[in-house]
Amino acid sequence: MRLILLGPPGAGKGTQATRLVEKHGIVQLSTGDMLRAAVAAATPVGLKAKEVMDRGDLVSDEIMVSIISDRIDEPDCANGFILDGFPRTIAQAEALQDLLASKAMKLDTVIELKVDDKILVDRIETRARETGGARADDNAETLKKRLKVYYEQTAPLIDFYSKRDMLQSVDGMASIEEVARQIDAVLLQNAES
Ligand code: AMP
């Protein structure tokens, strides 16, 4: 199974991805986690990405596509994967299509977590408190920028995948359990069709 979880920062992509990993034995590919690991390890990519991430901007498409291309070649991705935080631009989505085609892989579906802006600020503030401020970009000011970037550069993907009949939306405002139930229903329906 190969799927994309799409939604604004704080929509619950990571939480749902973790659950799907356990349930389906597939891997979670969070580009945000990969970049944070690169920053912590001070790799050349990490050194480049840190400032961009701290500002709430996007790391270049070229870097992101190359990271994902290498990652999905790893043996643990053979059984399937969940893309969490990628693609984030139309250019990334187009590159992903070419990439998967070149590897004879197919995307099963794209699941959008629909969430109101207002609740996102609360969620990010809660996450910042719970993780003791572990993420430099989990603060009100950067969040505003991340949301703006989301609506300008990532939200157009909803239309992109919808036009290709690949998009399915769930109510990201519901409880974690209810969102999980809706995602399972989408996946089941997908498997049966
Ligand atoms: P996330 O953990 O998904 O919220 O990502 C944290 C930050 O990493 C983002 O605000 C971006 O600066 C960067 N990032 C993560 N994924 C991508 C991507 N696919 N394209 C560009 N930048 C990304």
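## Helix α6: two sides

Let's start with a helix that shows two faces. In this predicted model, Lys 118, Arg 129 and Glu 130 are exposed on one side of α6. The buried residues of this helix are Leu 120, Ile 124 and Ala 128. They cover an arc of only 70 degrees around the axis, so they sit on the same side of α6. What do these buried residues pack against? Their partner is α7, residues 140-154.

You can also check the length of α6 yourself. The helix has 14 residues, 117-130, and at 1.5 Å a residue it should span 20 Å; its end C-alpha atoms are 20 Å apart, so the two values agree. After α6 comes Gly 132, which has a positive phi, near 60 degrees.

## Strands side by side

Now follow the strands, with β1 as a good place to begin. How many of the 5 residues of β1 are buried? The count is 5 of 5, so this strand is mostly covered, taking buried to mean under 20% relative accessible area. Arg 2, Ile 4 and Leu 6 point one way from β1, while Leu 3 and Leu 5 point the other way, and all are buried.

β1 has a parallel partner in β3, joined to it by 4 bridges. Another 4 bridges join β1 to β4, again running parallel. Ile 4 lets you see both pairings: its bridge partner in β3 is Leu 83, and its bridge partner in β4 is Val 110. From β4, 5 bridges lead on to β5 (residues 167-171), and these two strands run parallel. There, Lys 114 has Asp 171 of β5 as its bridge partner.

## Thr 109 in strand β4

Strand β4 covers residues 109-114, and Thr 109 belongs to it. Of the 6 residues in β4, 5 are buried. Is Thr 109 buried or exposed? Its relative accessible area is 1%, and because buried means under 20%, Thr 109 counts as buried.

Look next at what surrounds Thr 109. Leu 3 stands opposite Thr 109. Leaving out residues up to four places away in sequence, Thr 109 touches Arg 2, Leu 3, Ile 4, Met 166, Gln 168, Leu 187 and Asn 190. With one of these, Gln 168, there is a polar contact between the two side chains, at 2.9 Å.

## Two nonpolar cores

In soluble globular proteins, nonpolar side chains tend to be buried together. Here, the largest nonpolar core has 32 residues, and those with the most contacts inside it are Val 59, Ile 72, Phe 81, Leu 83, Leu 96, Val 110 and Tyr 161. Elements giving two or more residues to this core include β1, β2, α3 and α8. Apart from it lies another core, of 20 residues, among them Leu 20, Ile 82, Leu 113 and Ile 124.

Phe 81 is worth a closer look. Beyond its neighbours within four places in sequence, Phe 81 is in contact with residues including Met 1, Leu 3, Val 27, Ile 72 and Leu 100.

## Pro 87 in a loop

Finally, find Pro 87 in the loop between β3 (81-84) and α5 (90-102). Its relative accessible area is 2%, so this loop residue is buried, under the 20% cut-off. Its contacts, leaving aside neighbours within four places in sequence, include Ile 4, Leu 6, Leu 96, Thr 154 and Tyr 161. How far apart are Pro 87 and Thr 154 in sequence and in space? They are 67 residues apart in sequence and 7.8 Å apart in space, C-alpha to C-alpha.

Methods:
Residues numbered from 1 in each chain as written. Predicted model: local features only at pLDDT ≥ 70, side-chain atom pairs only at ≥ 80, totals over all residues. Heavy atoms only, no water. Buried < 20%, exposed > 50% of the residue type's maximum accessible area, 1.4 Å probe, protein only. Contact = heavy atoms within 4.5 Å. Expected span 1.5 Å × (residues − 1). Arc of directions from axis to C-beta. Core = buried A, V, L, I, M, F, W, Y, C linked by side-chain atoms within 4.5 Å. Polar contact = N/O pair within 3.5 Å; in protein donor to acceptor, adjacent residues only side chain to side chain. Pairing = 2+ DSSP bridges.
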